[in-house]
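Reader: I've just opened this one and could use a friendly tour. Can we go through it piece by piece?

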Amino acid sequence: MSGRTVVVLRALGLGDYLTGLPALRAIRRAFPEHRVVLLAPEWLRPLVDATAPVDELRSHPGLVAVPADLHHADVAVDLHGRGPLSQPLLADAAPRRLVCFAHPELAFTGGGARWEADEHEVLRWCRMLEHAAIPSAPHDLYFEPPPPELVPGLLGATVLHPGASSAARRWPPDRFVEVGRHLHEAGHALVVSGGSGERPLVDRIVGELGVPVRRFVGRTTLELAALVGHARLVVAGDTGVAHLATATRVPSVVLFGPVSPRHWGPPEDAGSHAALWAGRTGDPHGTVVDPGLLDIGPAEVIQAIDRISVAPNRRAEPALVGPAGPGVGGG
């Protein structure tokens with residue numbers, strides 16, 4: 001494939017896709033007559049198809065060669081990282097134009113924007129595009145939630161999402177239990193969500209809560225977006241679920257540990273979101289809970305919930321209110 005094609009590399013996670021959505025939409029607007037191909041994980045496909053910023057998602061694991069049929073594209077855009085690993089992969093595909101950050105070890109990137117460490121993830125990629133004369137809109141990160149029919153019986157629930165890709169960003173389960181009990185007493189219908197590998201964590205929290213609650217485990221990104229997008233409230237760590245709440249304008253309380261919300265949190269003017277952070281950074285890929293995350297207690301989360309605007313649970317469906325049990329998702 002050559003000619004009127006734009007190849008974009010962002011083969012990362014759910015939060016990365018959502019924070020990159022303004023940049024992807026800017027690329028789509030800048031090249032309306034081109035075919036825009038996103039290199040990203042296959043499991044993102046349902047959500048990518050629904051939010052439609054590109055013409056095609058090509059399943060891609062990340063830092064490997066660009067498929068041969070995508071060589072010689074008009075434009076290749078590196079939304080994957082600062083280098084020096086990702087830019088050569090795109091350069092080797094011989095695009096007519098490469099848009100990326102400048103890296104001191106790679107002379108061919110010299111015309112790119114300078115990487116700034118202290119910058120929000122959304123703003124970072126929009127600034128890179130602006131430097132390349134591609135107009136962008138950092139606040140273009142919202143979308144309408146998928147149809148509620150994807151999550152029957154779960155409309156208007158409050159979602160507790162205890163998981164994260166690394167142990168450093170997982171708030172202790174017993175603290176989610178304490179917050180969940182408070183929310184139940186306040187009249188919230190509860191769902192505990194998790195990825196396909198997080199069933200033991202979800203099961204533990206559901207079991208310890210001892211109140212009516214549903215599980216939502218191992219579902220597609222589109223179903224997860226529907227759950228979050230039609231929720232009353234989301235309580236989560238710094239994960240893709242938190243970014244889904246921002247993108248669908250659902251109130252959220254997000255717990256940050258090793259990474260500042262200045263870099264990955266909801267926009268400051270996004271409305272009913274509370275980003276909690278103890279003020280110190282650490283290793284986001286660490287194998288134990290970050291000390292800064294441990295500094296945030298259940299009382300602080302409950303106070304944050306009380307501060308933000310959470311509408312009454314008028315949409316909650318009767319199916320949500322019942323004994324704790326196997327619940328929804330994952331078989």
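Author: Happy to, and one term comes first: a cavity is a set of grid points where a 1.4 Å probe fits but cannot get out, and its lining residues have an atom within 4 Å of a point. Keep in mind that this is a predicted model.

Reader: Which element gives the most to the lining of the second largest cavity?
Author: That cavity has a volume of about 40 Å³. Its lining includes A242, H243 and T246, along with V254 and F256. Two elements give two or more residues to it, namely helix 9 and strand 10. The top contributor, with three residues, is helix 9.

Reader: And how many charged residues are in the lining of the largest cavity?
Author: The largest cavity, about 80 Å³ in volume, has L18, T19, H120 and P267 among its lining residues. Helix 1 and helix 9 each supply at least two residues there. Sorted by class, the lining has six nonpolar and five polar residues, and the number of charged ones is zero: there are no charged residues.

Reader: What about open spaces: what volume does the largest pocket have?
Author: The largest pocket has 31 lining residues, and G13, L14, S165, R169 and G240 lie nearest its centre. Helix 1 (14–19), strand 7 (190–194), helix 8 (221–229) and helix 9 (240–247) each give two or more residues to that lining. By class, the lining holds nine nonpolar, 16 polar and six charged residues. The pocket's volume is about 940 Å³.

Reader: Which strands are the edge strands of the sheet?
Author: Six strands make an open sheet with parallel pairing, in the order 8-7-6-9-10-11. From one strand to the next, the twist averages 15°. An edge strand pairs on one side only, and that picks out strand 8 (213–217) and strand 11 (273–277).

Reader: Which residue in strand 9 does L160 stand opposite?
Author: Strand 6 and strand 9 (residues 233–237) run parallel and are joined by four bridges. Helix 6 (residues 173–185) lies across both of them and strand 7 as well. Opposite L160, in strand 9, stands V235.

Reader: Is L150 buried, partly exposed or exposed, and why?
Author: L150 is found in the loop between helix 5 (121–131) and strand 6 (158–161). Beyond its sequence neighbours within four places, L150 is in contact with R219, L222, E223 and A226. Buried means under 20% relative accessible area and exposed means over 50%. Because L150 has 28% relative accessibility, it counts as partly exposed.

Conventions: Residues numbered from 1 in each chain as written. Predicted model: local features only at pLDDT ≥ 70, side-chain atom pairs only at ≥ 80, totals over all residues. Heavy atoms only, no water. 1 Å grid on protein atoms, 1.4 Å probe; cavity = no way out; pocket = protein on both sides within 12 Å on 5 of 7 lines; lining within 4 Å. Points joined across faces, edges and corners; volume = space filled by probe spheres on them. Nonpolar A, V, L, I, M, F, W, Y, C, P; charged D, E, K, R; others polar. Buried < 20%, exposed > 50% of the residue type's maximum accessible area, 1.4 Å probe, protein only. Contact = heavy atoms within 4.5 Å. Pairing = 2+ DSSP bridges. Axes fitted to C-alpha atoms, helices over the stretch in contact; angles between N-to-C directions.
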